[in-house]
Amino acid sequence: MNQAPNALCFGDGLPAAGAPCHVTLSAEGLRLEPVEGSPLSEEFVAFVGMSVTAGGLDHDQLVVSWGAGTSARTVYLKEPVLIVAFRRAAPSTLLAHLERAAEQVRRARHSHRALWGSAVGVVVGLGLMVWFGSDLIVEWAVARIPAQWEQTLGETVYQDFLSKETVLKEGPAVSAVQEMTQRMAAQIPNNPYTFRVSVVQSPVVNAFALPGGYVVVFTGLMKKAESGEEVAGVLSHELNHVLQRHGMERMVKMLGLAAVVSILSGDQQGLIGLARQLGLELATLKFGREQETEADVTGIRLLYDARIAPDGMIRFFERLSEKDKERVELFSSHPMSAARAKRLKEELAALPKQTSEPFTFEWKGVQDSLGASEPKQ
Amino acid sequence: MKCEILYPGAFPMVRVYLNEAETVKAESGAMVAASPTIDIESKMEGGFLGALSRKMLSGEKFFFQTLRASRGAGEVLLAPTVPGEIVLLDLDGINEYMVQKDGFLAGAEGVKIESKMQSFTRGLLGGEGFFILKIGGTGQLILNSFGAIHKIELKPNEEYIVDNSHLVAWTSTTTYNIEKASSGWIASLTSGEGLVCRFRGPGVVYIQSRNPGSFGNWIRQFIPVSE
């Protein structure tokens with residue numbers, strides 16, 4: 001009477017969660033004994049007139065039903081020992097049902113495993129794709145960004161940046177930089193960008209370009225440069241970062257999958273929001289070595305096309321290389337300046353000779369104007 | 001161990017009486033107050049790996065707290081985090097409940113808790129994640145819900161449809177399938193129901209009268225966004 005329950009019995013007048021009971025098997029059938037406090041009465045059910053299926057959440061329980069109407073009873077057997085005992089004791093007439101039940105369980109397990117297997121396969125496949133093909137995915141996604149988006153994005157960051165800096169509005173330096181930009185931009189076929197160049201007062205010897213054609217040149221660079229052609233060389237390099245969409249590639253890589261999804265779903269606001277999170281990081285974005293080399297090579301061709309003396313760019317790198325001595329090439333995203341100068345010389349040698357046209361401004365005058373506008377420390 | 005629900009309704013507590021040397025395990029952080037004879041121990045149910053898998057897989061707490069009446073009989077007051085009802089269930093060793101991960105509040109010493117992987121479609125679409133808690137063993141089990149708790153009793157082969165985010169617990173004799181709420185996908189989404197669970201008896205399904213996810217979305221609009 002006081003045995004531990006090993007099955008649950010369902011039926012009219014029994015609790016909805018099932019009445020716990022104890023089941024034992026014999027050659028003729030199944031004996032159902034109530035456990036303490038159970039509303040069931042002891043019952044013997046012959047195998048004849050029983051039906052068997054698989055049931056439960058995972059189809060791993062043996063469901064035995066008999067009777068009809070209000071006396072209909074269903075017993076759920078869960079313990080594997082009990083299920084095996086039932087299969088041994090049951091007559092051949094019930095085996096068909098049993099086999100069907102077993103087949104259901106096998107099929108459920110099989111599809112369960114197949115689904116998990118394919119899900120794991122898809123995840124692993126995607127992982128491998130991202131691991132090995134991320135550059136391809138990035139290029140593919142970036143190629144789908146409309147120039148308009150780039151412009152909106154670049155402008156946002158550009159304005160954010162300029163609002164915190166002292167921008168030269170006019171003067172020889174500004175017109176010099178504009179002249180360089182115009183001469184180069186005129187040589188770019190099907191240029192989707194309108195270049196905007198600002199001269200920002202700062203001792204930093206640098207210039208950078210934002211996606212969409214927004215370029216910043218620091219006065220530090222202009223003071224350091226020995227000729228307008230040197231500055232034009234750096235500008236040409238930066239303009240080519242824009243034209244090759246290097247900034248977008250870096251950004252998409254940094255933003256990762258979220259950016260790819262927003263590009264694919266055409267969610268421009270989402271992409272700008274993501275970019276704003278990066279904020280001015282975009283301005284200080286480091287390009288990869290391959291991107292730098294690409295911008296160098298295309299940069300020198302642009303100078304050549306615009307008939308600006310390309311050796312200015314080379315000279316600038318040569319002078320930079322004097323500061324490179326302690327740098328180790330492996331750790332730097334920029335190829336060593338000396339190596340860059342060498343590479344550029346080779347590129348230049350391959351191009352037919354031409355006479356370059358000088359700028360209309362006098363470089364000494366431009367630099368003098370900067371010296372005068374430098375705030376007193 | 002004896003349990004008594006205090007202040008039934010939205011803000012209930014459970015008073016658990018423990019005889020000397022008896023223990024109750026509760027969700028960590030569930031204890032509100034206790035007699036001085038009670039010691040609080042932190043315990044990783046099912047060993048380190050079991051706890052880790054439960055934490056990683058079902059998102060349940062890594063540790064349960066075990067409250068032990070080591071220095072004589074005493075009482076413990078337990079309360080869930082969210083406002084909502086508490087239900088007491090008796091486990092007799094044969095019945096088992098599948099419980100969604102936030103539903104467990106406390107259980108007697110003999111109650112066994114494990115993480116169980118759901119089938120792929122149920123895990124992906126069911127809204128409870130791929131892992132749920134499977135709770136069996138013997139003794140009293142205390143579950144909590146968000147909102148009121150409602151019991152649905154199902155006879156063999158009787159069916160009932162439940163919005164998946166309202167699920168709290170169901171017996172392991174009950175099966176369910178995930179389906180679209182309406183016959184078409186568009187109607188399913190626009191009706192605000194999306195996917196539902198079709199339960200088939202026999203057994204019992206406990207549901208909660210509020211949907212935690214929807215409540216979260218609703219409350220988000222009042223949270224000031226810092227620029």
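# A guided tour of chains A and B

Begin by selecting residues 172–185 of chain A, which form helix α4. This helix has 14 residues, and its first and last C-alpha atoms lie 20 Å apart, close to the 20 Å expected at 1.5 Å a residue. The model is a predicted one. Within α4(A), display the side chains of A173(A), V174(A), A176(A), V177(A), E179(A), M180(A), T181(A), R183(A) and M184(A), which are buried.

**The whole of chain A.** Widen the selection to chain A, where 13 helices and 11 strands are found. Of its 377 residues, 47% are buried. Among its contacts between residues at least 6 apart in sequence, 62% join residues at least 24 apart.

**Helices α11 and α12.** Next select residues 311–321 and 337–350 of chain A, helices α11 and α12. Their axes are 7 Å apart and the packing angle is about 160 degrees. An angle over 145 degrees counts as roughly antiparallel, and α11(A) is therefore roughly antiparallel to α12(A). The crossing of these two helices is left-handed. To see the contact from the side of α11(A), show M313(A), I314(A), F317(A), E318(A), L320(A) and S321(A). From α12(A), add S337(A), A338(A), R340(A), A341(A), L344(A), K345(A) and L348(A). Coloured by class, the residues of this contact divide into eight nonpolar, two polar and three charged.

**Helices α6 and α11.** Keep α11(A) on display and add helix α6, residues 228–243 of chain A. The axes of α6(A) and α11(A) come within 7 Å and cross at roughly 90 degrees. The two helices are therefore roughly perpendicular to each other. On α6(A), the contact is made by E229(A), E230(A), G233(A), V234(A) and H237(A). On α11(A), the residues to show are G312(A), M313(A), R315(A), F316(A) and R319(A). By class, this contact has three nonpolar, three polar and four charged residues. M313(A) takes part in the contact with α12(A) and also in that with α6(A).

**The loop before α11.** Move to R307(A), in the loop between α10 (289–305) and α11 of chain A. R307(A) is not a glycine, yet its phi is positive, at about 55 degrees. With a relative accessible area of 33%, R307(A) is partly exposed.

**The start of chain A.** Now select Q3(A), in the segment before β1 (7–11) of chain A. Q3(A) is partly exposed, its relative accessible area being 33%. Leaving aside residues up to four places away in sequence, Q3(A) touches H22(A), E33(A) and V35(A). A distance label between the C-alpha atoms of Q3(A) and H22(A) should read 6.7 Å, although these residues are 19 apart along the chain.

**Chain B.** Turn to chain B, whose secondary structure comes to four helices and 18 strands. Of its 227 residues, 48% count as buried. Among contacts in chain B with a separation of 6 or more, 76% are between residues 24 or more positions apart.

**Two loops of chain B.** Select N157(B), in the loop between β13 (149–154) and β14 (159–163) of chain B. N157(B) has a positive phi of about 70 degrees although it is not a glycine. At 53% relative accessibility, N157(B) counts as exposed. Finish at P202(B), which lies in the loop between β17 (195–200) and β18 (203–208) of chain B. The peptide bond from G201(B) to P202(B) is cis, with omega near 10 degrees.

Note on methods: Residues are numbered from 1 along each chain as its sequence is written. Chains are lettered from A and ligands numbered from 1 in the order in which they are written. This is a predicted model: local features need pLDDT of at least 70, side-chain atom pairs count only at pLDDT 80 or more; totals for chains, interfaces and linings use all residues. Side-chain values use heavy atoms; hydrogens and water are left out. Axes are lines fitted to C-alpha atoms, for helices over the stretch in contact, and angles run from 0 to 180 degrees between N-to-C directions. Angles under 35 degrees count as roughly parallel, over 145 as roughly antiparallel, 65 to 115 as roughly perpendicular and the rest as oblique. A crossing is left-handed if the near helix is turned anticlockwise from the far one by less than a right angle, and right-handed if clockwise. Contact means heavy atoms within 4.5 Å. Ala, Val, Leu, Ile, Met, Phe, Trp, Tyr, Cys and Pro count as nonpolar, Asp, Glu, Lys and Arg as charged, and the others, Gly among them, as polar. The expected span of a helix is 1.5 Å times one less than its number of residues. Buried means under 20% relative accessible area, exposed over 50%, partly exposed in between (1.4 Å probe, protein chains only).
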